[in-house]
Amino acid sequence: MQAFPRITFDPTVMGGKACIRGLRVTVGTVVGLLAAGRSADEIMAAYPYLEREDIDQSLAYAAWRLEEREVPLSHP
């Protein structure tokens, strides 16, 4: 697995979704805002505790997940 040190998973935070540095901001939220046309500066203004690296790593993580393929361990 590729290293994404800013992406965290905790079942007690946002139901275990991929979050940024343990904050209650999911990768999906950031990627969704980018997809809606928001700039990184706009996102950081709305979420002042985020850093540019958080946004960059969210996008990199989302791209990596899309390339990942799940393979069943066994067939019934």
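Two helix axes that meet at an angle of 65 to 115 degrees count as roughly perpendicular, and that cut-off will be needed at one stop of this tour, which goes through a predicted model.

**The whole chain**

Begin with the whole protein in view, where the secondary structure comes to 3 helices and 2 strands, and follow the elements from the N terminus, since they run in the order β-β-α-α-α. The C-alpha atoms fill a box of roughly 50 × 25 × 20 Å along the principal axes. If you switch on a surface, about 5300 Å² of the protein is accessible, and 55% of that area belongs to carbon and sulfur atoms. Of the 76 residues in the protein, 28% are buried. Among the contacts with a separation of 6 or more, 42% are made by residues 24 or more positions apart.

**Helix α3**

Next, select residues 52–67, which form helix α3. At 1.5 Å a residue, these 16 residues should span 22 Å, and the C-alpha atoms at the two ends are 23 Å apart, so the expected and modelled lengths agree. Now colour the buried residues of this helix, namely D54, I55, Q57, S58, Y61 and W64. Around them, show β1 (7–8), β2 (19–20), α1 (27–35) and α2 (40–46), because the buried residues of α3 pack against each of these elements.

**Where α1 meets α3**

Keep α1 and α3 on screen and hide the rest for a moment. How are two packed helices described? The description uses the angle between their axes and the distance between the axes. For α1 and α3 the angle is about 95° and the axes lie 9 Å apart, and with that angle the two helices are therefore roughly perpendicular to each other. To see the side chains involved, select V27, V30, V31 and L34 in α1, which meet I55, S58, L59, Y61 and A62 in α3. The residues of this contact divide into 8 nonpolar, 1 polar and no charged.

**A closer look at S58**

Finally, centre the view on S58, a residue of helix α3. Is S58 buried or exposed? With a relative accessible area of 0%, S58 falls under the 20% cut-off and is therefore buried. Leaving aside neighbours within four places in sequence, S58 is in contact with I7, I20, V27, V30 and V31. As a last step, draw a line from the C-alpha atom of S58 to that of G28, for these two residues are 30 residues apart in sequence and 8.1 Å apart in space.

Note on methods
Residues are numbered from 1 along each chain as its sequence is written. This is a predicted model: local features need pLDDT of at least 70, side-chain atom pairs count only at pLDDT 80 or more; totals for chains, interfaces and linings use all residues. Side-chain values use heavy atoms; hydrogens and water are left out. Helices (H or I, at least four residues) and strands (E, at least two) are DSSP runs, numbered from the N terminus. The expected span of a helix is 1.5 Å times one less than its number of residues. Buried means under 20% relative accessible area, exposed over 50%, partly exposed in between (1.4 Å probe, protein chains only). Contact means heavy atoms within 4.5 Å. Axes are lines fitted to C-alpha atoms, for helices over the stretch in contact, and angles run from 0 to 180 degrees between N-to-C directions. Angles under 35 degrees count as roughly parallel, over 145 as roughly antiparallel, 65 to 115 as roughly perpendicular and the rest as oblique. Ala, Val, Leu, Ile, Met, Phe, Trp, Tyr, Cys and Pro count as nonpolar, Asp, Glu, Lys and Arg as charged, and the others, Gly among them, as polar. Accessible areas come from the Shrake-Rupley method with a 1.4 Å probe; for residues, only the protein chains shown count as cover.
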